[in-house]
Amino acid sequence: MIEYGVIRRSQTLLGSTVGSIEQPNQWVNQQLQAYQKQIKIITSQSKTIERDLNKSQKDTRNFLQQRIEEIFQKAFEVIPSFAENYWDADQNKLQKEWERKLNEIKFDQQLKNVYQQANQKFNQEVKETLEEIGQELKIIANLKGNKFQLNQQDSETFTKDLLKIGGGVLGVAGTVIALFIPPVGIIMGIGGALINLSGGWFKSRDQKRKEAVQNIRIALESQLKSQQEDMIKQSQNEFDDSCSDIVKKINNYFQSLKQALEEIDAQFQQASNNLEKPYDFLNRAYGKRIIDYCLKEYQPLTEANINTDLAKFERIFGNKIEIKTKKFFDFKISQSKLEQILQEEITITTLTGESLLM
């Protein structure tokens with residue numbers, strides 16, 4: 001008691017108190033690291049989703065254009081035979097027969113189908129992307145270990161929220177069909193293609209037929225080409241608008257999720273700072289008291305006195321202590337004796353590495 005009481009008291013009041021702070025401090029830091037990792041993952045996954053959706057949008061736009069061009073190509077292919085068969089028909093019959101020809105090749109129905117196919121294609125890709133990301137985030141959320149673990153209820157809630165936003169996104173995408181379905185029956189203004197027979201009395205029937213066929217072909221091809229371009233442009237523009245809404249909703253969801261994690265992270269950061277300050281002071285104060293014990297003299301535990309003597313204090317609690325001093329001290333105690341008293345491996349050196357213990 002007489003010989004070791006002073007340093008033992010410092011060991012109890014300073015060194016052991018550090019141990020009481022160290023465990024919650026370690027837990028807080030582990031939580032802090034886990035949430036910071038989650039924030040990085042959420043940020044990365046958000047960018048992945050945006051990239052995948054942009055790719056899906058581009059692919060679907062190309063799909064729409066390709067399929068619309070294929071359907072219109074079938075209409076272009078029937079123009080020559082149609083012009084030959086109805087070159088001498090009046091305007092009403094010409095219009096009626098052209099509509100019948102479009103119905104025969106199921107022109108309108110095929111256009112409706114292609115918009116539905118494009119919508120289903122995009123919806124499926126959105127769904128697969130969200131499900132894949134949702135599973136990845138669920139796995140990450142279920143971090144196993146004694147130090148950090150989101151429970152099953154938290155994980156399931158997280159996944160349900162993601163699927164909920166996914167369902168909302170697919171609901172928005174579903175409106176694309178209604179936007180894209182073209183009006184039934186494309187009416188071609190081909191009356192102007194009819195031959196003005198009153199001005200062609202001196203032309204042969206064959207010559208009249210050729211001119212009429214040519215005029216009908218030109219009129220139909222011109223108008224069909226114009227409608228094809230308009231339809232591709234309109235469908236792609238409306239599809240892009242819908243995609244933008246979808247991407248915005250998903251980005252808002254992930255931004256909200258990231259913001260919530262950042263708020264939790266800030267709380268852990270504050271807790272870490274609150275624990276770190278006394279943890280650091282108690283460690284350095286304990287280091288100062290060890291130096292004082294080796295010198296057999298004691299000073300008030302002020303920041304100024306601690307900083308005057310102590311350069312560095314590192315400790316593996318209950319195992320090892322390493323002290324570096326700012327100046328040379330003439331200690332009269334052996335390392336083995338000090339280790340016997342403190343029951344920990346201990347070294348005390350100057351900043352140049354010179355040992356101060358015998």
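Start by selecting helix 1, residues 5-85, and find V78 in it. This is a predicted model, so keep a colouring by pLDDT at hand for later stops. V78 has a relative accessibility of 14%, and because the cut-off for buried is under 20%, V78 counts as buried.

Now show what surrounds V78. Leaving aside neighbours within four places in sequence, V78 is in contact with W98, K101 and I105. Add L102 to the selection and draw a distance between C-alpha atoms: V78 and L102 are 24 residues apart along the chain, and their C-alpha atoms are separated by 9.0 Å.

Stay in helix 1 and go to N85. Is N85 buried or exposed? With a relative accessible area of 53%, N85 is exposed, since exposed means over 50%. Then select V213 together with N85. The two residues lie 128 apart along the chain, while 8.8 Å separates their C-alpha atoms.

Next, select the loop between helix 2 (91-104) and helix 3 (107-141), where K106 is found. The backbone is the item to check here: phi of K106 is near 55°, which is a positive value in a residue other than glycine. K106 counts as exposed, because its relative accessibility is 54%.

Two stretches should be looked at with the pLDDT colouring on. The protein averages a pLDDT of 77, and 77% of the residues score at least 70. Over residues 143-156, however, the pLDDT is below 50; this stretch still has 20 contacts in the model beyond near neighbours in sequence. Residues 190-201 also stay under 50, and for them the model has 21 contacts beyond four places in sequence.

Move on to helix 5 (residues 205-295) and helix 7 (residues 335-342), and display them as a pair. How far apart are their axes, and at what angle do the helices pack? The axes are 12 Å apart and the angle is about 130°. That angle makes helix 5 oblique to helix 7. The crossing of the two helices is right-handed. To see the contact itself, show side chains for Y286, I290, Y293 and C294 on helix 5, and for L338, I341 and L342 on helix 7.

From helix 7, step into the loop that leads to strand 3 (345-350) and select Q343. Phi of Q343 is near 60°, again positive in a residue other than glycine. Is Q343 buried or exposed? Q343 counts as exposed, because its relative accessibility is 56%.

Finish by clearing the selection and viewing the whole chain. The protein has seven helices and three strands. Traced from the N terminus, the elements run α-α-α-α-α-α-β-β-α-β. Of the 358 residues, 41% count as buried. With a surface displayed, the protein exposes about 20100 Å², of which carbon and sulfur atoms supply 49%. For a contact map, take the contacts between residues at least 6 apart in sequence: 77% of these join residues at least 24 apart.

Technical notes. Residues are numbered from 1 along each chain as its sequence is written. This is a predicted model: local features need pLDDT of at least 70, side-chain atom pairs count only at pLDDT 80 or more; totals for chains, interfaces and linings use all residues. Side-chain values use heavy atoms; hydrogens and water are left out. pLDDT is the predictor's confidence in each residue, from 0 to 100. Contact means heavy atoms within 4.5 Å. Helices (H or I, at least four residues) and strands (E, at least two) are DSSP runs, numbered from the N terminus. Buried means under 20% relative accessible area, exposed over 50%, partly exposed in between (1.4 Å probe, protein chains only). Accessible areas come from the Shrake-Rupley method with a 1.4 Å probe; for residues, only the protein chains shown count as cover. Axes are lines fitted to C-alpha atoms, for helices over the stretch in contact, and angles run from 0 to 180 degrees between N-to-C directions. Angles under 35 degrees count as roughly parallel, over 145 as roughly antiparallel, 65 to 115 as roughly perpendicular and the rest as oblique. A crossing is left-handed if the near helix is turned anticlockwise from the far one by less than a right angle, and right-handed if clockwise.
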